[in-house]
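Please open the structure in your viewer and keep the sequence panel visible. The tour below proceeds by selections, each followed by an account of what is there.

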Amino acid sequence: MKAKKITSLLLTASMVAGMTAGLATTVMADEEQVLKVAVVETAYGQDMWKNVCAKFEEANPGVTVELTIDKKLEDIITPAMKSGDYPDVIMRAVGAESALTETFIKDNNVEEMTDVLEMTVPGEDVTVQEKILPGFLDNSITNPYEDGKTYLMPMFYGPCGLFYNKGLFEEKGWEVPATWDEMWALGDTAAEEGISLFTYPTAGYFDAFFYALLRETMGSEDFQKALRYEEGIWDTEGAQTAFDIIGKLATYTEKTTPANANDNDFRKNQQLILDNKALFMPNGNWVIGEMADAPRADGFEWGFTALPAVEEGGERTSYSFFEQIWMPKGAVNKDLGKQFIAYMYSDEAAEIFAADGGAVQPISGMTDKLDGDMQIYYSIYDDGAIAVMDAFATTDPVEGITVRTTFFDPINSLVSGDKTQEEWVEQIKSDSDALRAALK
């Protein structure tokens, strides 16, 4: 895919210094520069990125933004990077099957972004840090080295929880379970009508589910220990409770799910919710757009809820997935790239992202501008759910072991019966020992 070129503005190092100090300075450049921006194409589409780059150019004459956007971004940019030709800015989140971002982190090849937080948002009178919502900068994803510095900047976010057909629940007179005991009872009731309790798009979607569940069953302190694979943490009562819930949930999962739990067929699992063949699935806000044109049962209406509590009156959690934008250390135009990243948090950019792609930036004031289906999932924290944002700690590479293959992918085998809960737990303990030894 050829990169799209757009003409834009050049900001010199002196301007960036002024912006860092909170000054809204504009300096015209004597020479044009090219800013290389590489973005993975997701369900949000390409238009919003093209339009954001166009606006950035319009306000800043003198710079060419060379935008590369593709669903298989790694295939496009990796050959050039192997020869030392890096994009200046990369939009690719952790958790991808390619592990591109994790590899850059492990190799200490990510540029520090702490200074961007003090920059003034272009066109506004507040700093980037003042604009970003609480919690999105103080976590193990944006601060992977635990050195008090920021390396990955938070982008589009969406609460992840359980999606269901609200219309079906109203038709049947069913209540959305508030506890896991109520969940199992509903599963038995639904089974009598030939409806499975649960499905999931792919096992990778258990990342958000598993993090939220661990925070619920273990509490904040032990949850943080689990994220760093602390010795003995998987023998605690909270960990066992989480394993038992997932093990039991596997028995309530629609049996066709694992066969379609791949990048080509995952929509078939999502369709189970629209066809009233399964009640709940873990997912994020993008699923509504992904399934916008899919057939559905009469009276279908999206519903969204946090995970049920372990016990009555207990905490309910919802993982907030967010994407990240960052800069390789090998970037050529770092000052200009940081100014572009700062622009991502402007009201202007955020409104383009929301209007053209349905993507919501983690900045103050955005939720007040949402309506319709968007309110379904962004209001979940207003209803008392606890937001969870952390992830397992990054380690040096361990041959044959990744977070995904250890904690999430085995879910398919639990559902199919090819692996027992005990075998999965033993794998987690063994792999955690290796990951702990490889902690940076």
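A residue is called buried when its relative accessible area is under 20%, exposed when the value is over 50%, and partly exposed in between. The model on display is a predicted one.

**Stop 1: two cysteines**

Select Cys53. Is this residue buried or exposed? Its relative accessible area is 0%, so Cys53 is buried. Now select Cys160, which is buried because its relative accessible area is 8%. How many disulfides does a search of the whole structure find? The search returns zero.

**Stop 2: the helices α2 and α14**

Keep Cys53 selected and display helix α2, residues 47-59, together with helix α14, residues 334-343. The two axes come within 11 Å of each other and cross at roughly 115 degrees. This crossing of α2 and α14 is right-handed. Which residues make the contact? On the side of α2 they are Val52, Cys53, Lys55 and Phe56, while α14 contributes Gln339, Phe340 and Tyr343.

**Stop 3: a pair of aromatic rings**

A pair of aromatic rings is described by the distance of the centres and the angle of the planes. Over the whole structure, a search finds 42 aromatic pairs. For one of them, select Phe198 and Phe209: their rings form a tilted pair, with 6.0 Å from centre to centre and 55 degrees between the planes. Where in the chain do the two partners lie? Phe198 belongs to strand β6 (residues 196-198) and Phe209 to helix α9 (residues 206-227), and the two are eleven residues apart. Both Phe198 and Phe209 are buried.

**Stop 4: helix α9 against helix α10**

Stay with α9 and add helix α10, residues 237-251. The two helices pack at an angle of about 135 degrees, and their axes are 8 Å apart. The helices α9 and α10 are therefore oblique to each other. In passing α10, helix α9 makes a right-handed crossing.

To display the place where they meet, select Phe209, Phe210, Leu213, Leu214, Thr217 and Met218 in α9. Their counterparts in α10 are Gly238, Ala239, Thr241, Ala242, Phe243, Ile245, Ile246 and Leu249.

**Stop 5: a cluster of rings**

Next, select Phe210, Tyr211, Tyr229, Trp234, Phe243, Tyr319, Phe392, Phe407, Phe408 and Trp424; ring pairs link these residues into a cluster. Among them, Phe210 and Phe243 also take part in the meeting of α9 and α10.

Zoom in on Tyr229, which lies in the loop between α9 and α10. Tyr229 counts as buried because its relative accessibility is 0%. Its phi angle is near 60 degrees, a positive value in a residue other than glycine.

**Stop 6: another positive phi**

Move to Asn276, in the loop between α12 (266-274) and β7 (278-283). Asn276 is not a glycine, yet it has a positive phi of about 60 degrees. With a relative accessibility of 18%, Asn276 counts as buried.

**Stop 7: two loops brought together**

Select Ala331 in the loop between β9 (317-326) and α14, and then Gly84 in the loop between α3 (73-82) and β4 (89-91). These residues are 247 positions apart along the chain, and their C-alpha atoms are separated by 9.3 Å. Ala331 counts as buried at 8% relative accessibility, whereas Gly84 is partly exposed at 48%. Which residues does Ala331 contact, leaving aside its neighbours within four places in sequence? They are Tyr86, Pro87 and Asp88.

**Stop 8: Thr127 in its loop**

Select Thr127, found in the loop between α5 (114-117) and α6 (128-131). Its relative accessible area is 16%, so Thr127 is buried. Leaving aside its neighbours within four places in sequence, Thr127 is in contact with Leu117, Glu118, Met119, Thr120 and Val121.

**Stop 9: a long separation**

Finally, select Asp70 in strand β3, which covers residues 62-70. Asp70 is buried because its relative accessible area is 18%. Add Ser416 and draw a distance between the two C-alpha atoms: these residues are 346 apart along the chain, and the separation is 34 Å.

Key:
Residues numbered from 1 in each chain as written. Predicted model: local features only at pLDDT ≥ 70, side-chain atom pairs only at ≥ 80, totals over all residues. Heavy atoms only, no water. Disulfide = S-S within 2.5 Å. Buried < 20%, exposed > 50% of the residue type's maximum accessible area, 1.4 Å probe, protein only. Phe/Tyr/Trp six-rings, centres within 6.5 Å; stacked < 30°, edge-to-face > 60°. Helix = DSSP H or I, 4+ residues; strand = E, 2+ residues; numbered from the N terminus. Axes fitted to C-alpha atoms, helices over the stretch in contact; angles between N-to-C directions. Parallel < 35°, antiparallel > 145°, perpendicular 65-115°, else oblique. Left-handed = near helix turned anticlockwise from the far one by under 90°. Contact = heavy atoms within 4.5 Å.
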